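Please examine the sequence and the structure shown below. The explanation that accompanies them is intended to be read with both in view.

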Amino acid sequence: MKIIGTGSAMPKHTVSNAMLSEFLDTSDEWIVPRTGIHTRQIITDETLQKLAATAACKALEDSGLKAEDIDFILCSNVASNYVTPAMSAFIQEATGCTCPFLDINGACAGFIYALDIADAYMKSGRAKNVLIVCAEEVTKFCNWKQRETSVLFGDGAGAVVVSCDGEDMPVVLTGDASHRDVITYRRRLESTPFEDASTSIDEAMILKGRDVFRLAVTASQRDIKAVMEKAGLEAKDIRYFMLHQANKRIVAAIQENMGLPDENFPTNIDHTGNTSSASLPLLIDEMARQGRMHQGDRLLLNAFGAGFVTGAAIVKWGK
Ligand code: UT7
């Protein structure tokens, strides 16, 4: 499987750490060394559906394919203001595709899960080209009075078109629900007349940051090693190790343990914040636009997220 097109769409409102410190007890001096984040883009008057659709249209155009060439649309989204229809319905409408579409929630690891589903469709002969869009507005899950979570996140949508090249995509996925409580966000649904409405839950995101940090470093190293072994590849065969942009220190810890140079571990969290599953397609698109990808480059993609779900995949840059 190879990536043949990319696109992205970001909200226009840029929020600096200094802006956050106007209403939160936080500072640039705290945020930068602990996370690597300087600024993030946050949705104001845009809709996530529109950002997702714009990213998708750009990826489709970049791929050189026509709408009718896309056999399946997958959208990774943890939550948005639409419970139904799925975000991918808006994407189908905007792109003019006529294929089936489906949303998945693989938390911050959603892109890896979407790649795996796309690969399975390709292997079974049901799809040749798949449009994957990851669109997230995590800033809407945060309690903006809590500095522990709200400084970490940003919004955005990234998209790729992947195409079957007859080669297997090595992938490892893991799920460990014994750590289900490290990241949670519970939404209140409508109450029925048959329940006690006072017990219904309305609670912003709860994040056990230190636990997530520890789990992430351990799981990511394990998954990276496992997927390279599965592929029969060594670090020298991988052009870029592209890791979920949750915290620059997590990426740095893994890079240091692997003894590889900065150049192999690109990051963009400094100006995006953590955009959940959108972080990897956003990074890929940004690097493509900078001319840093070359035909045949192997990209090792790795992510972790609420669940606790983790995964790694190796895909080729096919443009
Ligand atoms: O995509 C998955 C989503 N989640 C993550 O990726 C999160 C992974 N974890 C992390 O990135 C880090 O654990 C954090 C950046 C969230 C926190 O860094 P830390 O070094 O683990 O700090 P901490 O949570 O242990 O907090 C240290 C101190 C605390 O004060 P005391 O108890 O030592 O007095 C916090 O209250 O820093 C305080 N603190 C802050 N201070 C200023 C926490 N958040 C802030 C803040 N500004 N925004």
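The paragraphs that follow begin with the ligand site and then turn to the backbone and to selected residues.

The model is a predicted one, in which local features need pLDDT of at least 70 and side-chain atom pairs count only at pLDDT 80 or more, while totals for chains, interfaces and linings use all residues. Residues are numbered from 1 along each chain as its sequence is written, and side-chain values use heavy atoms, with hydrogens and water left out.

The ligand is surrounded by 22 residues, of which Thr26, Gly209, Arg210, Asn247 and Asn274 come nearest; a residue is near a molecule if one of its heavy atoms lies within 4 Å of it. By class, the shell around the ligand holds ten nonpolar, six polar and six charged residues. In this division Ala, Val, Leu, Ile, Met, Phe, Trp, Tyr, Cys and Pro count as nonpolar, Asp, Glu, Lys and Arg as charged, and the others, Gly among them, as polar.

Several elements contribute to this shell: helix 2 (28-35), helix 6 (147-150) and helix 7 (209-231) each supply at least two residues. Helix 7 gives the most, with four residues. Helices and strands are DSSP runs numbered from the N terminus, helices being H or I with at least four residues and strands E with at least two.

Which side chains place an N or O atom 2.6 Å from a nitrogen atom of the ligand? The side chain of threonine 26 does so. The side chain of asparagine 247 has an N or O atom 2.7 Å from an oxygen atom of the ligand, and a polar side-chain atom of arginine 249 lies 3.3 Å from a ligand oxygen atom. Taken alone, the ligand exposes 960 Å², and the protein buries 74% of that; accessible areas come from the Shrake-Rupley method with a 1.4 Å probe, and for residues only the protein chains shown count as cover.

Two residues of helix 2 offer a contrast in exposure. Aspartate 28 lies in helix 2 and counts as partly exposed because its relative accessibility is 34%. Isoleucine 31 is also found in helix 2, but it counts as buried because its relative accessibility is 0%. Here buried means under 20% relative accessible area, exposed over 50%, and partly exposed in between, with a 1.4 Å probe and protein chains only. The C-alpha atoms of isoleucine 31 and valine 151 are separated by 7.5 Å, although these residues are 120 residues apart along the chain. Aspartate 28 and cysteine 134, by contrast, are 106 residues apart in sequence and 28 Å apart in space, C-alpha to C-alpha.

The backbone next deserves attention. The peptide bond from threonine 84 to proline 85 is cis, with omega near 0°, and proline 85 lies in the loop between strand 4 (72-76) and helix 4 (87-95). Glycine 307 and phenylalanine 308 are likewise joined by a cis peptide bond, with omega about 10°. Phenylalanine 308 is placed in the loop between strand 12 (298-305) and strand 13 (309-317).

Positive phi values also occur in residues other than glycine. In alanine 107 phi is near 50°; this residue lies in the loop between strand 5 (101-104) and helix 5 (110-123). Alanine 107 is buried, because its relative accessible area is 7%. Serine 276 has a positive phi of about 55° and lies in the loop between helix 9 (269-272) and helix 10 (279-289). At 3% relative accessibility, serine 276 counts as buried.

A further loop residue is aspartate 202, located between strand 9 (183-186) and strand 10 (203-207). Is aspartate 202 buried or exposed? With a relative accessible area of 63%, aspartate 202 is exposed. Its C-alpha atom is 45 Å from that of glycine 318, and the two residues are 116 residues apart in sequence.

Key
A polar contact is a pair of N or O atoms within 3.5 Å; within protein, one must be able to donate a hydrogen and the other to accept it, and residues adjacent in sequence count only if both atoms are side-chain atoms.
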